[in-house]
Amino acid sequence: MGLLFVESLPGPKVFKCIFCKVDSASLDAIVSKDFNGRYGRAYLFKNVVNVCLGPNEDRHLLTGLHTVNDIYCSSCHQLLGWRYEKAYDETQKYKEGKYILERARMVKEGW
Ligand SMILES: [Zn+2]
């Protein structure tokens with residue numbers, strides 16, 4: 001068993017994992033709030049912390065076929081959202097390398 005390294009974000013406005021309250025993403029990293037996840041609203045972030053990636057999976061989303069990885073909290077291993085590895089439609093390419101976090105799986109701290 002290894003030591004768990006938990007990264008802290010500077011804030012003041014930070015989203016945290018709703019289950020274990022480690023930092024997940026900062027407000028500044030939001031690209032769009034106009035996404036839908038498995039559990040309702042979801043936000044697109046350019047960067048997140050304290051997550052583990054699942055295997056590559058091809059998934060048909062509302063905007064077409066994408067290769068994605070599910071992302072899990074590295075502290076409590078709950079599913080938080082997914083990462084866009086590859087988009088096949090030119091108009092969706094901006095999502096590549098970015099992360100979806102489910103709004104229902106985050107708590108706001110600092111505002
Ligand atoms: Zn967690």
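**Burial and overall form**

I first looked up burial in this predicted model: buried residues make up 29% of the 111 residues in the protein. I then took the extent of the chain and found that the C-alpha atoms fill a box of roughly 35 × 35 × 20 Å along the principal axes. For the contacts with a separation of 6 or more, I noted that 48% join residues 24 or more positions apart.

**Secondary structure**

I counted the elements next and obtained nine strands and zero helices. Along the sequence, the pattern I recorded is β-β-β-β-β-β-β-β-β. The radius of gyration is 14 Å, close to the 13 Å that the globule rule gives for 111 residues, so I entered the protein as being as compact as a globular protein of that length.

**The six-stranded sheet**

I traced an open sheet of six strands, whose order is β3-β4-β8-β7-β6-β5 and whose pairing is antiparallel. At the edges I found β3 (30-37) and β5 (51-61); each has a single partner strand, so one side of each is left without a neighbour in the sheet. I also noted the turn between neighbouring strands of this sheet, which is 30° on average with direction ignored.

**From β5 through β6 to β7**

I followed β5 into β6 (residues 64-73) and listed nine bridges between these antiparallel strands. The hairpin that joins β5 to β6 passes through two residues. Within this pair, I recorded Leu65 of β6 as the bridge partner of His60, and Cys73 of β6 as the bridge partner of Val51.

On β6 and β7 I found antiparallel pairing over seven bridges. Here I entered Arg83 of β7 as the bridge partner of Asn69. The hairpin formed by β6 and β7 has five residues between the strands, and I noted a positive phi of about 65° for His77 in the turn.

**The nonpolar core**

I asked which residues have the most contacts inside the largest nonpolar core. This core has 21 residues, and those I listed are Ala25, Phe45, Val48, Leu80, Tyr99 and Leu101. The elements that give two or more residues to it are β1 (14-17), β4 (40-45), β6, β7 (79-87) and β8 (99-102). I noted that β7 gives the most, with four residues. As general background, I recall that nonpolar side chains tend to be buried together in soluble globular proteins.

I closed with the surroundings of Leu101. Leaving out residues up to four places away in sequence, I found that Leu101 touches Phe15, Ser24, Ala25, Ala42, Tyr43, Phe45, Val48, Leu80, Gly81 and Met106.

Terms used. Residues numbered from 1 in each chain as written. Predicted model: local features only at pLDDT ≥ 70, side-chain atom pairs only at ≥ 80, totals over all residues. Rg over C-alpha atoms; globule rule 2.2 N^0.38 Å. Buried ≥ 20, exposed ≤ 12 C-beta atoms within 10 Å, placed from the backbone. Contact = placed C-beta atoms within 7 Å. Pairing = 2+ DSSP bridges. Axes fitted to C-alpha atoms, helices over the stretch in contact; angles between N-to-C directions. Core = buried A, V, L, I, M, F, W, Y, C linked by C-beta atoms within 7 Å.
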